[in-house]
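Subject: A structure to look through, with notes

Dear colleague,

I am handing over the structure we talked about, and it is placed just below so that you can keep it open while you read. My notes follow it, and I suggest going through them slowly with the display beside you.

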Amino acid sequence: MAKRERALAGKVVVITGAAQGIGASTATALSRLGAKVVIGDLDQVLAEKTAAELGAEALPLDVTDTKGFTEFLDEVERRVGPIDVLINNAGIMPLAPLEEEDDAATRRLLEINLHAVIHGTREAVKRMRPRGTGHIVNIASMAGKAGFPGAATYCATKHAVVGLSESVHLELHGTGVLVSCVMPAVVRTELASGLGEAKFFKSVQPEDVAQAIVDALRRPKFDVFVPASLDAMGRITRLLPRRLGEGLLRALGGDKILSSATHSAARAEYESRAARSAPAAEKGVDS
């Protein structure tokens, strides 16, 4: 028997890093379905513009400010109501060979891509578990299932998000609180500036990821690959001996997807913005 679709109209949905990109596309898709969407983003001006276009709400959020993140969620519940869905979407992807990556960049990646997801997930569990309902969606990446040259720390954070999500999914079994882990290929947003294409690793649009998230909320599932064919590709390569698997990756150009853009002029603006994306964490480093 087919699973009955869950209605999303009236659900309170919080999306971090949703002023643009995947987050904004997801906010758009959910708003059209009648969800009460709240956008949290460091860029308050852009967040308010995006929210105004959707009839949603926007509140300032630096996900690296742990206390501020908690207060942000408290404010959402005061204004809109208990949170039904939290989508941990905020993330950055500065690119560099590991030996060229400075410690400040490493810290930003860990704080935004991992620590903030851990904190957001923990806060969501605390709020949802007592009510016996809720859905946590963590945006990882196919880089959470494999390693790609030029983005070692980024891949490490996404591997960690997959592991976190799997663990919490098991911890919440039978509680009514669900977890989904979203693992897209390269998504054509600002984060992907300067990246090329590879055979059988075709990039996707943010709207594709948004639709996959909507589908996972309607018909809950844990693994969300975008495109869905990534799941089969990952299973096949994991069955191969390492030498053959790495040879296949190179033959398909997968080893160049990120490394070829590490010094790309096309990424300069994005890299500069990413370097300013964790003000609270930077203060902690300096103190």
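To begin with something you can look up yourself: with which residue does D74 form a salt bridge, and how far apart are the closest N and O atoms? Please keep in mind while you search that this is a predicted model.

The partner of D74 is R127, and the closest N and O atoms of the two are 3.0 Å apart. Because D74 belongs to helix α3 while R127 belongs to helix α4 (residues 103–128), this salt bridge ties together parts that lie 53 residues apart in sequence. The two ends differ in how far they are covered, since D74 is partly exposed, with a relative accessible area of 28%, whereas R127 is buried, at 13%. As general background, side chains of opposite charge can pair when their charged atoms come close.

R127 also takes part in a second salt bridge, this time with E123, where the closest N and O atoms are 2.8 Å apart. Both of these residues lie in helix α4, 4 residues apart, which is about one turn of the helix, and both E123 and R127 are buried. Salt bridges with shared partners also join E57, E75, R78 and R79 into one network.

Helix α4 holds another pair of this kind, for the side chains of D103 and R107 meet in a salt bridge with 3.0 Å from N to O. Here too the residues are 4 apart in the helix, so about one helical turn separates D103 from R107; R107 itself is partly exposed, with a relative accessible area of 42%. The general rule behind such spacing is that an α-helix has 3.6 residues a turn, so residues three or four places apart point the same way. For the whole model, the count comes to 14 salt bridges.

What about aromatic rings? The count comes to 1 aromatic pair, and it is formed by F69 and F72, which are tilted, with 6.4 Å from centre to centre and 55° between the planes. Both residues sit in helix α3 (residues 66–79), 3 residues apart, or about one turn of the helix, and both of them are buried.

Helix α1 (residues 21–32) deserves a careful look as well. Its 12 residues reach 17 Å from the first C-alpha to the last, which is close to the 16 Å expected at 1.5 Å a residue. This helix is mostly covered, with 10 of its 12 residues buried, among them I22, G23, A24 and L30. What do the buried residues of α1 pack against? They pack against three strands, β1 (12–16), β2 (36–41) and β4 (85–88), and against two helices, α2 (44–54) and α6 (206–218).

One residue of α1 that you could select is S25, which counts as buried because its relative accessibility is 11% and the cut-off for buried is under 20%. Leaving aside residues up to four places away in sequence, S25 touches P206, E207 and A210. After α1 comes G34, whose phi is positive, near 90°.

Another backbone detail is the peptide bond from V226 to P227, which is cis, with omega near -5°. P227 lies in the loop between β7 (223–226) and α7. For comparison, most residues other than glycine have a negative phi, and most peptide bonds are trans.

On the surface, I236, L240 and L244 form a nonpolar patch, with about 270 Å² of accessible area together. Of these, L240 lies in the loop between α7 (229–239) and α8 (242–251), and L240 is partly exposed, with a relative accessible area of 31%.

Lastly, you may want to find E48, which belongs to helix α2 and is partly exposed, with a relative accessible area of 44%. The C-alpha atoms of E48 and P60 are separated by 9.2 Å, and the two residues are 12 apart along the chain.

With best wishes

Conventions. Residues are numbered from 1 along each chain as its sequence is written. This is a predicted model: local features need pLDDT of at least 70, side-chain atom pairs count only at pLDDT 80 or more; totals for chains, interfaces and linings use all residues. Side-chain values use heavy atoms; hydrogens and water are left out. The expected span of a helix is 1.5 Å times one less than its number of residues. Buried means under 20% relative accessible area, exposed over 50%, partly exposed in between (1.4 Å probe, protein chains only). Contact means heavy atoms within 4.5 Å. Patches are made of residues with over 30% relative accessible area and no salt bridge: like charges are joined within 9 Å, nonpolar side chains (Val, Leu, Ile, Met, Phe, Trp, Tyr) within 5 Å. Accessible areas come from the Shrake-Rupley method with a 1.4 Å probe; for residues, only the protein chains shown count as cover. A salt bridge is a side-chain nitrogen of Lys or Arg within 4 Å of a carboxyl oxygen of Asp or Glu. Rings of Phe, Tyr and Trp (its six-membered ring) pair if their centres lie within 6.5 Å; planes under 30 degrees apart count as stacked, over 60 as edge-to-face and the rest as tilted.
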